[in-house]
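Here is a short report on selected features of one protein model. Please keep the sequence and the 3D view open while reading.

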Amino acid sequence: MTTETDRRVRKLDEETVASIAAGEVITRPEDAVVELVENALDAEATRVEVTVVGDGTDLLRVRDNGRGMSETDAALAVERHTTSKLGNVAEGTSEGHRTSSGDAADLQTVSTLGFRGEALPSIAAAGTLELVTNDGGTRGTRVVVAEEEKHVEPIGRARGTTVEVRDLFAEIPARRQSLASSRAEFARVSDAVSRYALTRPDVAFSLVHETGGESPDGGGREVFSTSGSGDYADAILGVYDRDVAGRSSTFESEREITDNGETVTVSVEGLLAHPSVTRSRRDHIYTAVNGRAFPSEPLRRAVVAGYGDVLPDGRAPVAVVSVSLPPPWCDHNVHPAKREVRLRAQRAVERTVREAVHDALSTADLRRSEDVAMDLDSTLEPVDGEESRFDGVRVIGQFRDLYLLCEADDDLLVIDHHAAHERVNYERLRAAVGAGEVNAVESIPIDPAATVSLSPAQAAAAAEWRDELAHLGYELDSFGGDTVRVRGVPAPLGRAAAPESVRDALDALRGGETPGDATDRLLKDLACHPSLKAGDALNTEEATRLVERLGSCEQPYACPHGRPTVLSIEEETFVRGFERRSTRMG
C-alpha cells in the first residue's frame, strides 16, 4: 500500500538514473549498433566491421580502425556525462567521451554525428560492455563494464577500437520481451548498417551475421561488404547488386538558400537508380544530413517528387541522397534515439533536394524497354450471380486514352480506366486470398528457377515470412548470401509476376503491422502492375466490359489506394454552362 512518504519527491540513485538513460537511448539492438558505428565514424575510421549474433542481444561487435583512445580516455569513456564532442578536446579522443571545457552553446555548432555523451554508459547499463582500444601507442587498453563494476587493464591491439556488447537487456526483461522476432531485429540492424554503408561510400563497411552461438574470431555469414572507394556506385553494388548499380547515376549539386536574411550553401549528392528500377515502398531511399544517416520521410518525399512522372504509379525509387549544410542549421539532438534531425528552413532544403534530383534525372540516360502485358479477357470476365451497379451505362467515347466517357440516364460519367481496372484486379486477388487455399494466389513454376539478389534486410525477412510468401504464390529457396532462387511466382489474373517482384513482396510484409495488413498492401501492388495505363486504348466492347465489371465490385468508386474511379457530371451542369433553358434541343 502506497503511503504519503512514498509519494514524496526524492533523488534517484545512480543505478536507476543509468537504467532510465539506457531506456531513452538503447531500446533495441539497432540503437546500440547506430551509437557504436557513429562513434567509429567520428573517430575518422575508414573501415567499420559489424558482427551480430542472432538478433544482437547475445552479442554485438563493432570494430574500427579509427583514432582510438588512450588509457585515460578509455576509462573515462564509459562514465556518464563525459564527452569528447564539445569544447576544446585533445587530438585523438573523438571516439571517447571525456570531460571538456565546452558548454551548452557548443551543441549548436557540433560537427560530429550529434552529441550523445551517454552512449557507451547507456549501452553498459543495458548489457555487458567490453571496450578494447589503442590510439597508436605501444599497447592498448581493455575496459570491461559488468554489473556496475569497471575493470581496466592493458592489452595488445592495433590502432582503433573494438566494442563488444553481450547479454543486451538481460537485466531488463520487459525490454527484451518487447523485441520482435530474431530475424526482424536483425533486419533492423541490417537496415541501419546499410544506411551508413550507402551514405558513406568513403568508408569500407562489412556486416557479418551468426544465427546462433558465438564466434569470437568474427566468423559467420558475410551479409554484405563495401569497398570504401568513395564511389556511390561501388557502395550500391556492395549492398544491392549489379543490376541496380548498372542502372543508376551519381550526382552532385549545390544551391543557396536564404532564411531570415541569412544565406547558406546546401550541397546534395548521392546516387539515383533509373525509373526502370523501382520498389513498392520508400524504404529503399536512403537519406543523410551532415553525415547522420536516418530515414527522413520529408526528404524521401522530396526525392520522389524529384522523379516526378517518370516513376510508375505507386512505385518508389532506389536512391541515396546525402545533404550537407552548416551545423547551426540542423539539430541532431531533437530525438533521444537519433531518428530525426530538425532542419532550419526545412521546406527550402526539401525544395533543394527535389530540384537536385529532377535536374540530375533530366541529364541522365533513362531509356528503357518494357512490355506492358494485360489479359483483359481474364480480368474482365463477368462475376456469376452478381449484378453490376452500372447496368444500363453506355460507353460513348474515350478521352486521352485514359478516361471513359459514359452516358448514365441524365448524367455523364467519366471513369479513369487505370483506377477502375486496378479496383477490379484488387478485388479478384482479395477474393482469391480470402478463399483460404494453401496458395491463395495462383502460382506457376519457373523453369529454370531465377536467382534474385536481395538487400540484407530483405534477405533476413525472406526466411521470416516464408509461409506468407508461399500464400502469395512465391516459392523460393536460399541460394547463399543475400540471393534467393525463385522457383514459383504469383500469376494473378493469368499474368505471371516477374521473379524480381519478390522484393516488393518482402518490403510489403516487412512494413505491415500484421501479416494481414502486409498481405493486403501486397495485393494492392500486385493489382496495379497489370492494370491498364494511360495510353492503352480500348475498343467499345472492352470499355463496356470494364465498366460492367467495375460495377460488380464491392467498392467501385475508389481504387485500392483511395483515388476516385468515377466522376459524375449532371446534365444540369451543361444546361447552366451553355445557358440553355432546358435539356432538350431547340
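Leaving aside its neighbours within four places in sequence, which residues is L567 in contact with? They are L412, L413 and V414. The model is a predicted one.

**L567 and its surroundings**

L567 belongs to strand β24, which spans residues 566-570. Is L567 buried or exposed? Its relative accessibility is 51%, so L567 counts as exposed; the cut-off for that class is over 50%. Y557 sits 10 residues away from L567 in sequence. In space, the C-alpha atoms of L567 and Y557 are 8.7 Å apart.

**Salt bridges**

How many salt bridges does the structure hold? The count is 26. Three of these pairs are tabulated here with their N to O distances.

| Pair | Distance | Strands | Sequence separation |
|---|---|---|---|
| E49 and R63 | 3.3 Å | β1 and β2 | 14 residues |
| R61 and E164 | 2.8 Å | β2 and β6 | 103 residues |
| D477 and R487 | 2.6 Å | β22 and β23 | 10 residues |

Start with R61. This residue is placed in strand β2, residues 59-64. Its salt-bridge partner, E164, lies in strand β6, residues 160-166. The R61 and E164 pair links distant parts of the chain. Are these two residues buried or exposed? R61 has a relative accessibility of 1%, so R61 counts as buried. E164 has 10%, so E164 is buried as well. The relevant cut-off is under 20%. The side chains of R61 and E164 are also joined by a polar contact of 2.8 Å. R166 enters the picture too: R61, E164 and R166 form a network of salt bridges.

The E49 and R63 bridge also involves strand β2. E49 lies in strand β1 (residues 47-53) and R63 in strand β2, so their salt bridge ties together parts 14 residues apart in sequence. E49 is partly exposed, at 26% relative accessibility. R63 is partly exposed at 30%.

D477 and R487 make the remaining tabulated pair. D477 is in β22 (residues 475-478) and R487 in β23 (residues 483-490). D477 has a relative accessible area of 28% and is partly exposed. R487, at 34%, is partly exposed.

**Helices α6 and α7**

Helix α6 covers residues 182-199, and helix α7 covers residues 232-239. They pack with axes 8 Å apart, at an angle of about 155 degrees. The two helices are therefore roughly antiparallel, the cut-off being over 145 degrees. On the α6 side, S194, A197, L198 and T199 make the contact. On the α7 side, the residues are Y232, A235, I236 and V239. Six of the contact residues are nonpolar, two are polar and none is charged.

**Helix α9**

Which residues of helix α9 (residues 297-307) are buried? They are L299, R300, A302, V303, V304, G306 and Y307. An α-helix has 3.6 residues a turn, so residues three or four places apart point the same way.

The buried residues of α9 pack against four strands and a helix: β10 (262-273), β12 (285-289), β14 (316-317), β15 (319-324) and α10 (346-363).

Both ends of α9 can be described. S296 caps the N-terminal end: a side-chain oxygen of S296 lies 3.3 Å from the backbone nitrogen of L299. G308 follows α9 and has a positive phi, near 60 degrees.

Key
Residues are numbered from 1 along each chain as its sequence is written. This is a predicted model: local features need pLDDT of at least 70, side-chain atom pairs count only at pLDDT 80 or more; totals for chains, interfaces and linings use all residues. Side-chain values use heavy atoms; hydrogens and water are left out. Buried means under 20% relative accessible area, exposed over 50%, partly exposed in between (1.4 Å probe, protein chains only). Contact means heavy atoms within 4.5 Å. A polar contact is a pair of N or O atoms within 3.5 Å; within protein, one must be able to donate a hydrogen and the other to accept it, and residues adjacent in sequence count only if both atoms are side-chain atoms. Axes are lines fitted to C-alpha atoms, for helices over the stretch in contact, and angles run from 0 to 180 degrees between N-to-C directions. Angles under 35 degrees count as roughly parallel, over 145 as roughly antiparallel, 65 to 115 as roughly perpendicular and the rest as oblique. Ala, Val, Leu, Ile, Met, Phe, Trp, Tyr, Cys and Pro count as nonpolar, Asp, Glu, Lys and Arg as charged, and the others, Gly among them, as polar. A salt bridge is a side-chain nitrogen of Lys or Arg within 4 Å of a carboxyl oxygen of Asp or Glu.
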